[in-house]
Amino acid sequence: MTQEKRGAYKRDVVIEVTASLMFPFILLFGLYVMMGTGGTGGGFQGGTILATGFILYITVFGTDKGREKMPESVNVFFKSFGLFLYNGAGWLCILFSLATAQWLNMPAFWPVTEFTGVAGARGFLIAYMISVGIGLTVMASFVSQYFDLSMKEDDEMEGDEG
């Protein structure tokens, strides 16, 4: 079957160059939303922005080139490490304060409190550790779902040839 019958698109140089130029800026913006806002609540939004960068790349260049940018092993690592960070913050609270978050007020626990103060240490734990954990997990999950759906579409299109 020819490519026109399968519904495949021809390559467009303008779209490929634009996507190549935008890809790093999208990732940088996703990291800024996830960590640079100075407060909590950027993990999910930053993770979805990171995922859209990879989804744009996969859409423009195809699943094979997308797998070169984000192999399954890297995707699994990001999912696992993100859950580890998010869950690890909770376990630290449980282990060091008998199930309450009061240990965040103990300046002796965090060595960074000498430089940043208690509020800075609390911000480090919440804004960075938890937000980055959520962001990495969301990004890897969305990219994995997109790969699964695009691979299924490729398999269905190949099945029509026979």
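## L28 and the nonpolar patch

L28 sits in helix α2. In this predicted model, L28 has a relative accessible area of 56%, so it clears the 50% cut-off and counts as exposed. That puts the side chain in interesting company: L28 belongs to a nonpolar surface patch together with M22, F25 and L56. Taken together, these residues offer about 390 Å² of accessible area.

Which helix gives the patch its largest share? Helix α2, running over residues 13–35, supplies three residues.

## The rest of helix α2

Other residues of helix α2 are worth a look too. I15 is one of them, and V17 is another. I15 has 45% relative accessibility, and V17 comes in at 43%. Both values fall between 20% and 50%, so I15 and V17 are classed as partly exposed.

I15 and V17 can each be paired with V60. The C-alpha atoms of I15 and V60 are 7.2 Å apart, although 45 residues separate the two in sequence. For V17 and V60, the C-alpha separation is 9.8 Å across 43 residues of chain.

M35 also belongs to helix α2. With a relative accessible area of 34%, M35 is partly exposed, because that value lies between the 20% and 50% limits. Once neighbours within four places in sequence are set aside, M35 touches Y128 and V132. There is a long-range pairing here as well: M35 and M129 are 94 residues apart along the chain, with 9.4 Å between their C-alpha atoms.

## Helix α3 meets F142 and Y146

Helix α3 covers residues 43–61, and I55 is part of it. Is I55 buried or partly exposed? Its relative accessible area is 21%, and buried requires under 20%, so I55 ends up as partly exposed.

What does I55 touch, leaving out neighbours within four places in sequence? The contacts are with F142 and Y146. F147 can be added as a C-alpha distance: I55 and F147 lie 8.6 Å apart in space, with their positions 92 residues apart in sequence.

## S150 in helix α6

Helix α6 spans residues 113–159 and includes S150. The relative accessibility of S150 is 14%, which is under the 20% limit, so S150 counts as buried.

The S150 side chain has something polar to look at, too. One of its polar atoms lies 3.1 Å from the backbone oxygen of F147. F147 is also the residue whose C-alpha is 8.6 Å from that of I55.

## The salt bridge

How many salt bridges turn up in a search of the whole structure? The search finds one. The partners are E72 and R67, and their closest N and O atoms are 3.0 Å apart. As general background, side chains of opposite charge can pair when their charged atoms come close.

Neither partner of this pair is classed as buried: the relative accessible area is 35% for E72 and 21% for R67. Both values sit between 20% and 50%, so E72 and R67 are partly exposed.

## The chain as a whole

Zooming out, the chain has six helices and zero strands. Read from the N terminus, the order of elements is simply α-α-α-α-α-α.

Of the 162 residues in the chain, 31% are buried. The chain exposes about 10,200 Å², and carbon and sulfur atoms account for 66% of that area. Turning to contacts with a separation of 6 or more, 66% of them join residues 24 or more positions apart.

## How far to trust the coordinates

The average pLDDT over the chain is 78, and 64% of the residues reach at least 70. Where is pLDDT under 50? It stays under 50 over residues 1–5. For that stretch, the model has four contacts beyond four places in sequence. Where pLDDT is low, the predicted coordinates should not be read in detail.

Terms used: Residues are numbered from 1 along each chain as its sequence is written. This is a predicted model: local features need pLDDT of at least 70, side-chain atom pairs count only at pLDDT 80 or more; totals for chains, interfaces and linings use all residues. Side-chain values use heavy atoms; hydrogens and water are left out. Patches are made of residues with over 30% relative accessible area and no salt bridge: like charges are joined within 9 Å, nonpolar side chains (Val, Leu, Ile, Met, Phe, Trp, Tyr) within 5 Å. Accessible areas come from the Shrake-Rupley method with a 1.4 Å probe; for residues, only the protein chains shown count as cover. A salt bridge is a side-chain nitrogen of Lys or Arg within 4 Å of a carboxyl oxygen of Asp or Glu. Helices (H or I, at least four residues) and strands (E, at least two) are DSSP runs, numbered from the N terminus. Buried means under 20% relative accessible area, exposed over 50%, partly exposed in between (1.4 Å probe, protein chains only). pLDDT is the predictor's confidence in each residue, from 0 to 100. Contact means heavy atoms within 4.5 Å. A polar contact is a pair of N or O atoms within 3.5 Å; within protein, one must be able to donate a hydrogen and the other to accept it, and residues adjacent in sequence count only if both atoms are side-chain atoms.
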